[in-house]
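Got your viewer open? Let's take a walk through this one together, one selection at a time.

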Amino acid sequence: MAAGEAVNPGRPETAADVAEPWGQDDLRRRVGAAIAAGRLPQSLLLHGPEGVGKRPLALWIARALQCGAQQSGEPPRNGEGGPCGTCRSCRMAARLEHPDIHLHFPMPRPKGTTSRAKLREAIEAQRHERLALLRDDLHARLDPDAVTGLYVAAVENIRGQASRRPSMARKAVFVVEDADRMVPQSASPEAANAFLKLLEEPPDFAWIVLTSSRPEALLPTIRSRSVPLRVAPVATDSVAAYLTDQLGAPPDRALAVARRADGAVYRARRLMRTTESEDSDTSETAADQLLAAALDGSPAARYRTASRYSARGARGNLGPALEDLRVRLRDLLCVAVDAASQAHDADRVQRLTRGGAVTDRAVLHALGSVERALEGVGRNMNPQATIALLLQEMGAAFAGRRPGTHH
Ligand SMILES: [Zn+2]
């Protein structure tokens, strides 16, 4: 905002307001009460769909833990135990500048570096570059097209930070996003063990908030050491309200985008920004092509479709296409169980199936395959192989056979 520009109180625009998690009032009340009572477990796992708001919620918890009003023992605002939003700690945290709130996330492996110490430095430098991006847009998706992980060097950095006492506050909060992307560390069992020990018995000043969109992919040793909190999808009306209130979207368009987002409010935010660009059309068209190829049943159709994707490198629109495919399959599921009125766009999937019957069992198998493909996107699987396998599994499911390649 330019200096001197008037603030419109009806239209929150500051970084702090944009950072407020949307539509998670129940969860915030529960967590806030636990913080106010000094009973919040020190190792938490926030899990829920991609784009539902795990990052804003994790940072809200961090602000609440660090808030000066909480620390001073003043009665919590509204009796809720959330961050006051105005103290020095809250203001620094809202700018992602609080020295005792450490935000970590998967990143590409730094290239051309071999020594352990250099790798740790390179990872830390990358992290600061991305924190700068998040200061501009907290909801930015980092490295969407790259192979990323929470590598040993990153885990060592977290451990190093957690071994020092907080520098400004009495607590330190570690937010570790997409903890399912922590690379199994057979090469460095001591780093892995030290992280597990940190989760199991954090120092009395430390809180660790893990997030994951795929908790089933978490290392069991991590899952068993953290207390799970589900971040549930937001009602479509509330997603639409976010788009109109926060982004100024026209109500009709907000509702259409909200329906596509499946309760993931920040996915809706991204869709809103791309619906007029080619990206969105491309991902919806790609989703239709994938579904059509799987329904077609012929290996030739599957091959033709898979060959549109690169055999190496660029993942381009694959992630968004798979997310749109998931929406189509959910619609197909609604149609299969005679609940077409619940679908976002029942006509569209009925055109794709040409009115043919698809069983709910087949659709559930196909949805499982899409989840596995989405996991493959950020890992080492190449896009073409990911799509070929996906179409083979979906094709088998729709043909009434059990997909054979996975258990
Ligand atoms: Zn505060």
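Which strand does β3 pair with, in which sense, and over how many bridges? Select residues 172-176, which make up β3, and you'll find that β3 runs parallel to β4, with five bridges between them. To see one spot where they meet, pick Val176: opposite this residue, in β4, stands Leu210. Keep in mind as you click around that this is a predicted model.

**The whole chain**

Zoom out for a moment. The chain has 407 residues, and 49% of them count as buried. Colour by secondary structure and you should get 18 helices and five strands. Among contacts with a separation of 6 or more, 75% link residues that are 24 or more positions apart. Switch on the surface, if you like: the chain exposes about 19500 Å², with 50% of that supplied by carbon and sulfur atoms.

**Along the strands**

Now select residues 206-212, strand β4. How many of its residues are buried? Seven of its seven. Show the side chains and look at where they go: Ala206, Ile208, Leu210 and Ser212 point one way, while Trp207, Val209 and Thr211 point the other.

Add residues 43-47 to the selection. That's β1, which also pairs with β4 in the parallel sense, over five bridges. Pick His47 here and look across to β4, where Ser212 is its bridge partner.

Next comes β2. This strand pairs with β3, again in the parallel sense, over four bridges. Click Ile101 and you'll see it opposite Val173 in β3. Both faces of β2 are covered, with Ile101 and Leu103 buried on one side and His102 and His104 buried on the other.

**Into the core**

In soluble globular proteins, nonpolar side chains tend to be buried together. To see such a group here, select Val31, Leu40, Leu46, Ile61 and Val209, the residues that touch the most other members of the largest nonpolar core, which has 36 residues. The elements giving two or more residues to this core are α2 (25-36), β1, α3 (54-66), β2 (101-104), α6 (116-136), α7 (152-162), β3 and β4. Which of them gives the largest share? That's α3, with eight residues.

Stay with Ile61 and show its surroundings. Setting aside neighbours within four places in sequence, Ile61 is in contact with Val31, Ile35, Leu40, Leu44, Leu46 and Val209. Apart from this core lies another one, of 30 residues, including Ala306, Leu325, Val358 and Leu391.

**The zinc ion**

Select the zinc ion next. Which residues are its protein donors? They are Cys67, Cys84, Cys87 and Cys90, each through its SG atom, at 2.3 to 2.4 Å from the ion. In sequence, these donors follow the spacing C-x16-C-x2-C-x2-C. Why is the arrangement tetrahedral? Because the four donor atoms subtend angles of 101 to 118° around the zinc ion. Two of the donors are worth a click: Cys84 is buried, at 14% relative accessible area, and so is Cys90, at 2%.

**Last stop: a loop**

Finish at Pro144, in the loop between α6 and α7. Pro144 is partly exposed, with a relative accessible area of 46%. Now draw a distance from its C-alpha to that of Asn317: the two residues are 173 apart in sequence, yet their C-alpha atoms are 9.3 Å apart in space.

How values were computed. Residues numbered from 1 in each chain as written. Predicted model: local features only at pLDDT ≥ 70, side-chain atom pairs only at ≥ 80, totals over all residues. Heavy atoms only, no water. Buried < 20%, exposed > 50% of the residue type's maximum accessible area, 1.4 Å probe, protein only. Pairing = 2+ DSSP bridges. Core = buried A, V, L, I, M, F, W, Y, C linked by side-chain atoms within 4.5 Å. Contact = heavy atoms within 4.5 Å. Donors = N, O, S within 2.8 Å, 3.2 Å for Na, K, Ca; no water. Tetrahedral: all angles 85-135°; square planar, octahedral: opposite > 155°, others 65-115°. Areas by Shrake-Rupley, 256 points an atom, 1.4 Å probe, with all protein chains shown as cover.
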